Amino acid sequence: MAQNGIVTSLAGLVRGMKRRREAMGPVVVLAVLAFGAYAFLAIADEVAEGEIRALDRQLFVALRDPANPSEPLGPPWLEEVALEITALGGYTLIVLALAVIVGLLVVTRRYGPALYAVLSVGSGALISHFLKQYYERPRPDLADHLDVVHTLSFPSGHALVATVAYLTMAALVVRFFDDLRVRLYVLFVAVAVSVAVGITRVYLGVHWPSDVAAGWALGAAWASLTWLVVSLLQYRRRGNSAKRGGDHGA
């Protein structure tokens, strides 16, 4: 009897540890949401008051050739690489990648995740557009723009939308894998691509560093918020389904 009690206690402990591990996901995402929102608001406040201008210029110039500040550091081919990387944050490639993933989800009749992806990325793009109009920050004027730009500077649309899009797509991919290593790898790739895109915007002379930092922060916060909203809706739906099942069983 004592042995059975020990086995039962150990089994309960293991189940409890598993539930705690699963509960860590929303906690981490909520922390990212809070930190990202706070960081964006802090940067936006500094930009509005002009207090970050000196740091922006210092970091911007650090990526320029000291002998010729109009040129970026590195050999000519590095500029081509930067242009190709920065395209990963452009609307064309993001829309194409999103269309492929949404198409796969629709074909496999996963309509909820497909709608989540479209709404998450689409709303992120709208937020970027409205914030640019609100802050009306001019583009950097310390060097020639090495990429074509049509909008205002703050926040970086490439950094914001790329962060939202790739984190959203990563969230969809990790649903199909239970291995923690695979999940971490997918999230790492999403973050790495977003970071690389943001750095190229400064390197190509089309954004201030604070534009990019604000884009990363708000992008991570918005991707976290949409994930939490969807998770909450799924949790409530499962709870309602279980309740109806219990009522029918009674």
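Of the 250 residues in this protein, 35% come out as buried, where buried stands for under 20% relative accessible area, exposed for over 50% and partly exposed for anything in between (1.4 Å probe, protein chains only). The model is a predicted one, so to speak of local features takes a pLDDT of at least 70 and side-chain atom pairs count only at pLDDT 80 or more, while totals for chains, interfaces and linings use all residues. Residues are numbered from 1 along each chain as its sequence is written, and side-chain values use heavy atoms, with hydrogens and water left out.

Confidence first. pLDDT is the predictor's own confidence in each residue, on a scale from 0 to 100; the protein averages 86, and 84% of the residues score at least 70. Among the elements, helix H1 (residues 2-49) sits at the bottom with a mean pLDDT of 71, and helix H7 (residues 180-203) at the top with 95. Over residues 9-19 the pLDDT drops below 50, and beyond near neighbours in sequence this stretch has one contact in the model, a contact being heavy atoms within 4.5 Å. Where pLDDT is low, the predicted coordinates should not be read in detail.

As for the overall layout, the secondary structure amounts to eight helices and two strands, arranged along the sequence as α-α-β-β-α-α-α-α-α-α. Helices (H or I, at least four residues) and strands (E, at least two) are DSSP runs, numbered from the N terminus. Among contacts between residues at least 6 apart in sequence, 77% join residues at least 24 apart.

Then there is the packing. The largest nonpolar core holds 24 residues, with Ile94 and Tyr166 touching the most other members; such a core is a set of buried Ala, Val, Leu, Ile, Met, Phe, Trp, Tyr and Cys residues joined through side-chain atoms within 4.5 Å. Helix H4 (91-107), H5, H6, H7 and helix H8 (209-249) each give two or more residues to this core, and H6 supplies the largest share, 10 residues. Leaving out residues up to four places away in sequence, Tyr166 touches Leu88, Ile94, Ala190, Val193 and Ser194. Another core, of 13 residues, lies apart from the largest one and includes Ala44, Ile52, Leu131 and Ala217. In soluble globular proteins, nonpolar side chains tend to be buried together.

Aromatic rings make a little story of their own, with four pairs in the structure. Rings of Phe, Tyr and Trp (its six-membered ring) pair if their centres lie within 6.5 Å, and planes under 30 degrees apart count as stacked, over 60 as edge-to-face and the rest as tilted. Phe40 and Phe154 are stacked, because their ring centres are 5.9 Å apart and their planes are at 20°. This pair links distant parts of the chain, 114 residues apart: Phe40 belongs to helix H1, and Phe154 to the loop between helix H5 (111-135) and helix H6 (157-174). Phe154 also forms an edge-to-face pair with Tyr135, at 4.9 Å centre to centre and 80° between the planes. Tyr135 lies in helix H5 and Phe154 in the loop between H5 and H6, so this second pair ties together parts that are 19 residues apart in sequence. Tyr135 is partly exposed at 25% relative accessible area, whereas Phe154 is buried at 0%. Ring pairs link Phe40, Tyr134, Tyr135 and Phe154 into a cluster.

Two helices are worth a closer look. H5 has 25 residues and spans 36 Å from its first C-alpha to its last, close to the 36 Å expected at 1.5 Å a residue; the expected span is 1.5 Å times one less than the number of residues. Buried residues of H5 include Pro113, Tyr116, Ser120, Gly124, Ser128 and Lys132. Glu136, which follows H5, has a positive phi near 50°. H7, with 24 residues, reaches 34 Å, close to the 34 Å expected. At the start of H7, a side-chain oxygen of Asp179 comes to within 2.9 Å of the backbone nitrogen of Arg181, and just after H7, Gly205 takes a positive phi of about 80°. Among the buried residues of H7 are Val197, Thr200 and Arg201.

Those three residues turn up again around Thr86, a residue of helix H3 (residues 76-86). Thr86 counts as buried because its relative accessibility is 2%. Leaving aside neighbours within four places in sequence, Thr86 is in contact with Asp147, His158, Val197, Thr200, Arg201 and Leu204. With Arg201 there is a polar contact between the two side chains, at 2.9 Å; a polar contact is a pair of N or O atoms within 3.5 Å, where within protein one must be able to donate a hydrogen and the other to accept it, and residues adjacent in sequence count only if both atoms are side-chain atoms.
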